[in-house]
Each structure stands twice: as C-alpha cells, then as structure tokens.
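Q: Can we go through this model together? I'd like to look at contacts, burial and charged pairs.

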Amino acid sequence: MTATAVNTTVVDLEQPLQDVESCLNLLGEALHRRDSAAIELHAASLHLALARAIEQFTAAARNGTVPANLRTRLMQAGGRVAAQRESLARATAALDRAIDVLMPGEPTGLYGASGKNERKSAFGGSIQA
C-alpha cells in the first residue's frame, strides 16, 4: 500500500471514529446526569455512528490494512460501549429491585398493609376455627 493510500485511509476513517468517540462522550455525560431524554438521543446517535464506522473500517480492511492506531482507537471505543452497556444494565437492575421493594407483585405469605393475612390458601381463603 502506498503512502498516499495510507493517508487516504486515515482521512476516511478518522471522521467516523471521531463521531463514535464524540457520541460516547455525550452518552457518558448523559448517563452520569441520569438524563433519560439525553441518554435516548445519544444512544441512538451512537448506534448510527458505530454502524457508519464499522462500515468504513470494513471497507478499508478489504482494500488494504487499517492503520494500527485507528484500529486501537476503534477497539477502545468498543470497550467503552461495553462498559456503558454494563453500567446501564446495572442501573436498570437496581431500578427493578427498588420497584420490586416499593411495589411487590405477589403476596409474600406475610401480613399486608391492612393487617390481613396475605397467605394463599389451597381452599381459596382463610380457614376459621
């Protein structure tokens, strides 16, 4: 591959990679602020930027080699995506647990807020002696 072709490849790949990195930064800030509207917006932007970058990197790889520094940056961006996905999954799990505590679904076999026994009986109700 000639020096001109390498420079063209770098130029073609730099912008999509910068777009991914920018979207990751914006999404990270939105996650930190817990701004759900911004999270949704930046996650969608990141999805599109990643698709464009992968398309560009795949085409470059078919036509020659991808420069090592850009390949490393793309791998680091992939790692950041995975870390943010894990962070979001943990936050979602914590929210689910908090909702379960505040709004239990099934009776627990204990007494309810009204003081009545909430245990399920095989006879469909309580048994009186």
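Q: Which residues is Q84 in contact with, leaving aside its neighbours within four places in sequence?
A: Q84 is in contact with L24, L27, G28 and L31, where contact means heavy atoms within 4.5 Å.

Q: Before I go on, what kind of model is this?
A: This is a predicted model, in which local features need pLDDT of at least 70, side-chain atom pairs count only at pLDDT 80 or more, and totals for chains, interfaces and linings use all residues. Residues are numbered from 1 along each chain as its sequence is written, and side-chain values use heavy atoms, with hydrogens and water left out.

Q: What does the protein average in pLDDT?
A: The average is 81, and 74% of the residues score at least 70; pLDDT is the predictor's confidence in each residue, from 0 to 100.

Q: Which element has the lowest mean, and which the highest?
A: Helix 1 (residues 3-33) has the lowest mean pLDDT, 83, and helix 2 the highest, 92. Helices (H or I, at least four residues) are DSSP runs, numbered from the N terminus.

Q: Back to Q84: buried or exposed?
A: Buried, with a relative accessible area of 15%. The cut-offs are under 20% for buried and over 50% for exposed, with partly exposed in between (1.4 Å probe, protein chains only). Q84 lies in helix 3, whose buried residues are L70, L74, A77, V81 and Q84.

Q: How far apart are the end C-alpha atoms of helix 3?
A: They are 51 Å apart, which agrees with the 51 Å expected for the 35 residues of helix 3 (residues 68-102). The expected span is 1.5 Å times one less than the number of residues.

Q: And H42, where is that found?
A: H42 is in helix 2 (residues 36-63). H42 counts as buried at 15% relative accessibility, and touches L26, L27 and A30, not counting residues up to four places away in sequence.

Q: Which residues of the largest nonpolar core touch the most other members?
A: V20, L24, L27, I39 and L46, out of 13 residues in that core. Helix 1 gives the most to this core, with six residues. A nonpolar core is a set of buried Ala, Val, Leu, Ile, Met, Phe, Trp, Tyr and Cys residues joined through side-chain atoms within 4.5 Å.

Q: What does I39 touch, not counting residues up to four places away in sequence?
A: L27, A30, L31 and R34. There is also a second, separate core of seven residues, which includes F57, A60, L70 and L74.

Q: Changing topic, how many salt bridges does the count come to?
A: Four, taking a salt bridge as a side-chain nitrogen of Lys or Arg within 4 Å of a carboxyl oxygen of Asp or Glu.

Q: What does R73 form with E21?
A: A salt bridge, the closest N and O atoms being 2.8 Å apart. R73 lies in helix 3 and E21 in helix 1, so the pair ties together parts that are 52 residues apart in sequence. The side chains of R73 and E14 also meet in a salt bridge, at 3.0 Å, N to O. E14, E21 and R73 are thus a network of linked salt bridges.

Q: And R90 with E86, how many residues apart are they?
A: Four, in helix 3, which means a separation of about one helical turn. Their side chains meet in a salt bridge (3.0 Å, N to O). R90 is exposed at 57%, and E86 is partly exposed at 40%.

Key: Helices (H or I, at least four residues) and strands (E, at least two) are DSSP runs, numbered from the N terminus.
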